[in-house]
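Q: Please take a close look at one part of this structure and describe how it is put together. I should like a connected account that I can follow residue by residue while the model is on the screen.

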Amino acid sequence: MGVLERVRKPAIAAAKLPLDRILRDDCVAAMRALPDACVDMVFADPPYNLQLGGDLFRPEGGRVDAVDNDWDKFDSNAVYDAFSHAWLAEARRILKPNGTLWVIGSYHNIFRVGSVLQDEGFWILNDIIWRKSNPMPNFKGTRFTNAHETLIWASKSEDARYTFNYRAMKTLNDELQMRSDWSFPICGGQERIRKNGTKAHPTQKPEALVYRILLACTQPGDVVLDPFFGTGTTGAVAKRLQRHFIGIEREQDYIDVAEERIAAALPLDESAVTTMQSPTAAPRVAFGTLVETGYLQPGAKLWDIKRRWGATVRADGSLAIGTDAGSIHKLGATLQKAPSCNGWTFWHYEADDGLKPIDALRQTYLLATQP
């Protein structure tokens, strides 16, 4: 597997990491070999500890392809808790101070894992409900259909300055604030990886789920570690989004599938990976800066799109129409008798091919001045 292309240069510490590789090892042992504070995110899909009491059959007699692998079997809850303490302690150690942890689970294990991660000092930011739009039915008819899994998003401390690409999430959600209940189908069709006609992994997660997580909480070039790598969903999505990954997996069959899958994943073009920034993250440009730098001259005329009002630009970056004056936002609101106004899109300047919003000048200024 090649190293991801077109990403920002990794930090010196990251250069020594096994980037974009799958380590065949026990997750705790592999994490112990990594340096402190070296990864930006840990995404974990640990064993569910389902404790199934026998085979499950469909009404017509077919056997349900459930999770009955050895890696999901623990002698007791106490043994599972000890395992959770061990891997979460290492996850916390290798996370950067502002890094975050995502862990997903079912009702069988997520509450125990949540308790352990709090014991280990993590600070819970959100719990996310992944609602499965096509869940497996409850064949026995003895319980509600289990139609969701729970994700916990946590930082290393209450004061951590973690990454959250709020604006990108809002854009992704059709300009509505992203909620904590997400609807995705379980893997099926072409996305479901099969070997010899059977599922390559019983708990393969949909790429759309991991895509949203990485887009929300990492930046291009960040390092995402997955200690339960399975068939490589995290690696495939990380490669597409120009993030680095480190995978840890014990089972060679899963590694073989993951390597082939990641090799086939195509990274997105750099311009496609760029996301909308939140107003706090985007560089701030005052309207007066455009006047100071000559993008607009004092005395220039600005108009609303319907040319109802023509305002004069003043030397201090304010606008004036007759006796009314104020900032681009305040004057726009006053003229419309509105409580607020986005002056960047309300006011337009005269270009060769017609009126253009002054935000276009702001973007031109940013392109010319940002590295």
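The reply below takes up a single sheet, then what surrounds it, and ends with two individual positions.

A: The model is a predicted one. Its chain contains 13 helices and 16 strands, and of the 371 residues 45% count as buried. Among contacts with a separation of 6 or more, 68% join residues that are 24 or more positions apart. The part to be examined is an open sheet of eight strands, whose order is β1-β10-β9-β2-β3-β5-β4-β6 and whose pairing is mixed. At its edges are β1 (residues 21–24) and β6 (residues 181–184), each of which pairs on one side only. From one strand to the next, the twist averages 20°.

Within this sheet, one pair of strands can be followed in detail. Strand β3, residues 95–105, and strand β5, residues 148–155, run antiparallel and are joined by six bridges. As a point of reference on the screen, T100 has S155 of β5 as its bridge partner.

Helices also pack on the sheet. Helix α3 (residues 77–94) is one of them, touching β2 (39–44), β3 and β9 (223–226). The direction of α3 makes about 145° with that of β3. Helix α8, which spans residues 252–264, likewise packs on the sheet. The strands touched by α8 are β1 and β10 (244–249), and its direction makes about 175° with that of β1.

Helix α3 has a helical partner as well. Together with helix α4 (residues 110–119), α3 packs at an angle of about 45°, the two axes being 9 Å apart. Because of that angle, α3 is oblique to α4. The crossing of these two helices is right-handed. On the α3 side, the contact is made by N77, Y80, D81, S84, H85 and L88. On the α4 side, the contributing residues are R112, V113, V116, L117 and D119. An α-helix has 3.6 residues a turn, so residues three or four places apart point the same way. Sorted by class, the contact of α3 with α4 comprises five nonpolar, three polar and three charged residues.

Helix α8 also has a helical partner, namely α7. The axes of α7 and α8 come within 9 Å and cross at roughly 15°. The two helices are therefore roughly parallel to each other, and α7 passes α8 in a right-handed crossing. From α7, the contact draws on T233, G235, A236 and K239, while α8 supplies R261, I262 and A263. These residues of the α7 and α8 contact divide into three nonpolar, two polar and two charged.

Helix α7 itself, residues 233–240, is mostly covered, with seven of its eight residues buried. Those buried residues are T233, T234, G235, A236, V237, A238 and K239. The cover over them includes the strands β2, β9 and β10 together with the helices α6 (207–217) and α8. Three of the sheet's strands, β2, β9 and β10, thus appear both in the strand order and in the cover of α7. α7 is followed by Q242, whose phi is positive, near 60°.

Two single positions complete the account. The first, V28, has its place in helix α2 (residues 27–32). V28 counts as buried because its relative accessibility is 7%, below the 20% that sets the limit for that class. Although V28 and W87 are 59 residues apart in sequence, their C-alpha atoms are 5.3 Å apart in space. Leaving aside neighbours within four places in sequence, V28 is in contact with A86, W87 and E90. The residue range of α3, 77–94, takes in these three contact partners.

The second position, K301, lies in strand β11 (residues 301–303). With a relative accessible area of 40%, K301 is partly exposed. The C-alpha atoms of K301 and W347 are separated by 9.8 Å, the two residues being 46 apart along the chain. Apart from neighbours within four places in sequence, K301 is in contact with G310, A311, T312, H348 and Y349.

Notes: Residues are numbered from 1 along each chain as its sequence is written. This is a predicted model: local features need pLDDT of at least 70, side-chain atom pairs count only at pLDDT 80 or more; totals for chains, interfaces and linings use all residues. Side-chain values use heavy atoms; hydrogens and water are left out. Two strands pair if DSSP finds at least two bridges between them. Helices (H or I, at least four residues) and strands (E, at least two) are DSSP runs, numbered from the N terminus. Axes are lines fitted to C-alpha atoms, for helices over the stretch in contact, and angles run from 0 to 180 degrees between N-to-C directions. Contact means heavy atoms within 4.5 Å. Angles under 35 degrees count as roughly parallel, over 145 as roughly antiparallel, 65 to 115 as roughly perpendicular and the rest as oblique. A crossing is left-handed if the near helix is turned anticlockwise from the far one by less than a right angle, and right-handed if clockwise. Ala, Val, Leu, Ile, Met, Phe, Trp, Tyr, Cys and Pro count as nonpolar, Asp, Glu, Lys and Arg as charged, and the others, Gly among them, as polar. Buried means under 20% relative accessible area, exposed over 50%, partly exposed in between (1.4 Å probe, protein chains only).
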